[in-house]
Every structure is written in structure tokens, then in C-alpha cells.
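I open this notebook to record what I looked up in one model, entry by entry. I keep to helix packing, enclosed and open space, and backbone geometry.

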Amino acid sequence: MKTESADILIIGAGPAGSVAAGLLRKQGREVLVLEREQFPRFSIGESLLPQSMQYIEEAGFLQDVVEAGFQFKNGAAFERSGRYTDFDFRDKFSPGWGTTYQVQRGHFDHVLAQAAERKGATVRFRHEVLTVDFSGEKPEVTVRPPEGETYRVQARFILDASGFGRVLPRLLNLETPSNFPVRGAIFTHVEDRIPPGTFDRNKIRVTTHPEHVHVWYWTIPFSGGRCSLGVVAKKEYLEQYTGTDTERLQAIVKETPSLQNLLKDAVWDTPTRKLTGYAANVKSLWGPGFALLGNAGEFLDPVFSSGVTIAFKSASLASACIAREFAGEKVDWENDYAKPLKAGVDTFRTFVESWYEGGFQNIIFHPNPSPDVRRMISAILAGYAWDKNNPYVADSKRRLGVLEALCAA
């Protein structure tokens, strides 16, 4: 069996893998990216957060993304039973980018992968990692190409950016149950035909079901008059509906009059998909010779669109650790990678849990919000969940609990 070598092997050419490749190429590393699928391919996670732009810029991909023609995004809007509120991410507590894009992920991920190739990374599509072996001097994987014979790759370090494929967690028995309830999503793309002036296309809209606090919908506008539409709820709720997935999604949309009216002229021209039990966790985000990036490590929930931002943050942290390790320094991957990454993930987790319990919904729909608090919350919704200068990051559980109590009084 043929054996190849590389400095860094990255499993997966999605956002985490491509940005990691760009960052590592800036260090001069030899990078091989193996992607199981052929790009472009469908994926959800279509509404980026402004914090993401920092990592796109650091990887050297900013021009590629800006010139790709994606829908501009400057905030998030929320609607519940006729009450509407929105956050402009340019008006936020934390410094940094306040705008970003809403993207069709097939195109966006391909743009990033092509940018990584232009920076000198080798990207192979339809090459699937079958086994891994960390017992030797260097980590080794066996790979099945679309044609030809299986081959081996030895690398000094492996980054798993395989997303929901979760290659190393499966092969190394690292998976562990998430403590989140089992929720599911049903989603599609539509030609929305929303009349101009009735919908802010520069913001994602999150709509809460008028009767069930745990049921919510996303409406993500794209350029070209299309949008992504989905509903998230507990598995039991979604399973009470019959028919095709499109018929189930249409039935649930009809239960929320504001959303039904917004999309009354929409053309449902794309197959509907579903995803159940998406929340995931692992025993460890790293081990000797490897680290897990983005969704390969942990995925919380889509409600605040944090997935791509977490993926980019993990790529940035891991690339910095690799630079130090390859320079001969001693790297403590738990304290230098896992804990810093989890700090921001836990901030998002606090807000996600509060959302489903209803407390955070009461906060954002409060009729007399504090402008300062809104700017702090806006920063977190914009992705700045690692900015400990923000009191709602540094002490998120206590401060959010106090705010929930005040808004409920």
C-alpha cells in the first residue's frame, strides 16, 4: 500500500478545515486536506456571525468571501406573537466586525476550500478516511479514494474537521452523549417572493411559535430572492405531524400566522431535509497527535448560529498551538486549546439553555430594555462569546439569571 506524508493532515474541507489550512499555510506547513464528499454540497449553518470575519481575514480568505456575492448581514431579528425586536450587530459592546454574510453553504464552503488550495494546501475531494493509527512514531490513516487503490498518509499532526461525520470521535471511541434534549430540525430552501419593504433581508429572523416556547423557526434570506427556512423542536413534537417532510414543515409554519403571511407567496421548489439528535459532545477535544475542530468536537444548537464561529475559533486556537509545538515549545493542549475553546462554547450554552426555558426570550422582548445590556447581548449574538470584558461573558450564568428574574417580575 502506498504511503504519503504531510506536516498536517486535515480531515474535512468544511469551514473549520479550510480556515485551519489557510492559517497553517501562512506558517509554511505542508497541509493535506481529505474530504469525503464532492464540493459544492448542501449543508446547513447558513447565517454567519460577525466574529467569523476575523478568522476569514486571518486565513487570507477575505477577498474571496467578499467577492462571492453573498447576502449582507448586519444583525438578527426576533418575532413572537406579533412582537418584533432586532439587534444591529454594529451596535455592540465588543470591538471587531459588526457585519457579515448569510450564505448558501454549498457555495460558501467551496469558496473557502478553493481559497485554501490557492494558498498552497492540497485538497482532495471524495477521499474517505477509513482507519487511524496513533501507535507509531507518526499518526497514520488509511484512505479510500474514489478510484484506484487505498493508500496511507502519515502526518506529524491530524486535525479532525469532519463536522457531523465525526471521524476521529467514532474511530477512537471519543463520543459521549450531549446533555441537551433530543431536538430535530426540518428545513428547506424556497423562492420566498417576500414583498420589498416587509422584511429586513440584512438580518436573520428567528420566529417563536405562538404557543410552544421550545419551537422556533429560522428564516435566512439569501441574495437572489431565496431564503432558507427551517423549524426546530423536540423530536416528539415534530413526529406528531404526518405526510412528507415538506408537508410537515408547511403544516408547522401554518401554526404561526406571522410567518405564514410572510411566506404566503413562496415557491417550495427544493427537497426538504431533516436532522434529528444533532447535539453532540466528546470525552476530549484532543489527544497525542490530534485535535478536534468545530462540530467534530461539540455541537450545541442552531438557534444563535454559533456553529461556524466555533469552528473558526477552534481552527485559530489549534493552528496557534501547532505553531508553538512545531517550534519546539511544550504545548498544554487542555489549557491552551480545549479550555479556551470551551469557555466561549459555554457562554453560548448558557444563552441557548435560557432560550429554550423562555427566560432569554423574555429578556429580548422586554418593552423597556437597558441600552447597555442590549449592546452586551448584541456582542454575544454577534459571536463575541470569548470577550471576557463583557460581563455577560465573564459571568454569564449569574448575570443572565438576574436579568431573567428582573424581566419576569
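Which residues line the second largest pocket? I note before answering that the model is a predicted one.

**Entry 1, the second largest pocket.** I find that Arg 156, Phe 157, Gly 289, Glu 325 and Phe 326 line this pocket, whose volume comes to about 160 Å³. The elements that contribute two or more residues to the lining are β10 (151-160) and α9. When I sort the lining of the second largest pocket by class, I get two nonpolar, one polar and two charged residues.

**Entry 2, α9 against α10.** Since α9 had come up at the pocket, I next looked up its packing against α10. The axes of helix α9 (residues 307-326) and helix α10 (residues 333-357) come within 10 Å and cross at roughly 170°. Angles over 145 degrees count as roughly antiparallel, so I enter α9 as roughly antiparallel to α10. I record the crossing of α9 and α10 as right-handed. On the α9 side, the contact is made by Ile 310, Lys 313, Ser 314, Leu 317, Ala 318, Cys 321, Ile 322, Arg 324 and Glu 325, and on the α10 side by Trp 333, Asp 336, Tyr 337, Pro 340, Leu 341, Val 345 and Phe 348. The residues of this contact divide into eleven nonpolar, one polar and four charged. I also note that Glu 325 appears in the contact with α10 and in the lining of the second largest pocket.

**Entry 3, α1 against α9.** I then turned to helix α1 (residues 15-26), which packs with α9 at an angle of about 30°, the axes being 8 Å apart. I therefore write down α1 and α9 as roughly parallel to each other, with a crossing that is right-handed. From α1 the contact takes Pro 15, Ala 16, Val 19, Ala 20, Leu 23 and Leu 24, while from α9 it takes Val 308, Ala 311, Phe 312, Ala 315, Ser 316, Ser 319 and Ile 322. By class I list eleven nonpolar and two polar residues for the contact of α1 with α9, with no charged residues. Ile 322 of α9 is entered both here and in the contact with α10.

**Entry 4, α1 against α4.** I looked up a further partner of α1, namely helix α4 (residues 105-118), and found the two packed at an angle of about 20° with their axes 8 Å apart. That makes α1 roughly parallel to α4, and their crossing is left-handed. In α1, Pro 15, Ser 18 and Ala 21 meet Arg 105, Phe 108, Asp 109, Leu 112, Ala 113 and Ala 116 of α4. The residues of the contact of α1 with α4 divide into six nonpolar, one polar and two charged. Pro 15 is listed in the contact with α4 and in the contact with α9.

**Entry 5, cavities.** How many cavities of 30 Å³ or more does the structure hold? I find three of them, and the largest cavity has about 80 Å³ of space. Its lining is made up of Leu 49, Lys 73, Ala 76, Phe 78, Phe 89, Ile 204, Val 206, Val 303, Phe 304, Ser 305 and Leu 381. β4 (75-80) and β13 (203-208) each give at least two residues to this lining. By class, I count nine nonpolar residues, one polar and one charged in the lining of the largest cavity.

**Entry 6, backbone geometry.** Most residues other than glycine have a negative phi, and most peptide bonds are trans. With that in mind, I noted that a cis peptide bond joins Phe 39 and Pro 40, with omega about -5°, and that Pro 40 sits in the loop between β2 (31-35) and α2 (51-58). I also noted Arg 126, whose phi is near 65°, a positive value, and which is found in the loop between β7 (122-125) and β8 (128-133).

Methods
Residues numbered from 1 in each chain as written. Predicted model: local features only at pLDDT ≥ 70, side-chain atom pairs only at ≥ 80, totals over all residues. Heavy atoms only, no water. Axes fitted to C-alpha atoms, helices over the stretch in contact; angles between N-to-C directions. Parallel < 35°, antiparallel > 145°, perpendicular 65-115°, else oblique. Left-handed = near helix turned anticlockwise from the far one by under 90°. Contact = heavy atoms within 4.5 Å. Nonpolar A, V, L, I, M, F, W, Y, C, P; charged D, E, K, R; others polar. 1 Å grid on protein atoms, 1.4 Å probe; cavity = no way out; pocket = protein on both sides within 12 Å on 5 of 7 lines; lining within 4 Å. Points joined across faces, edges and corners; volume = space filled by probe spheres on them.
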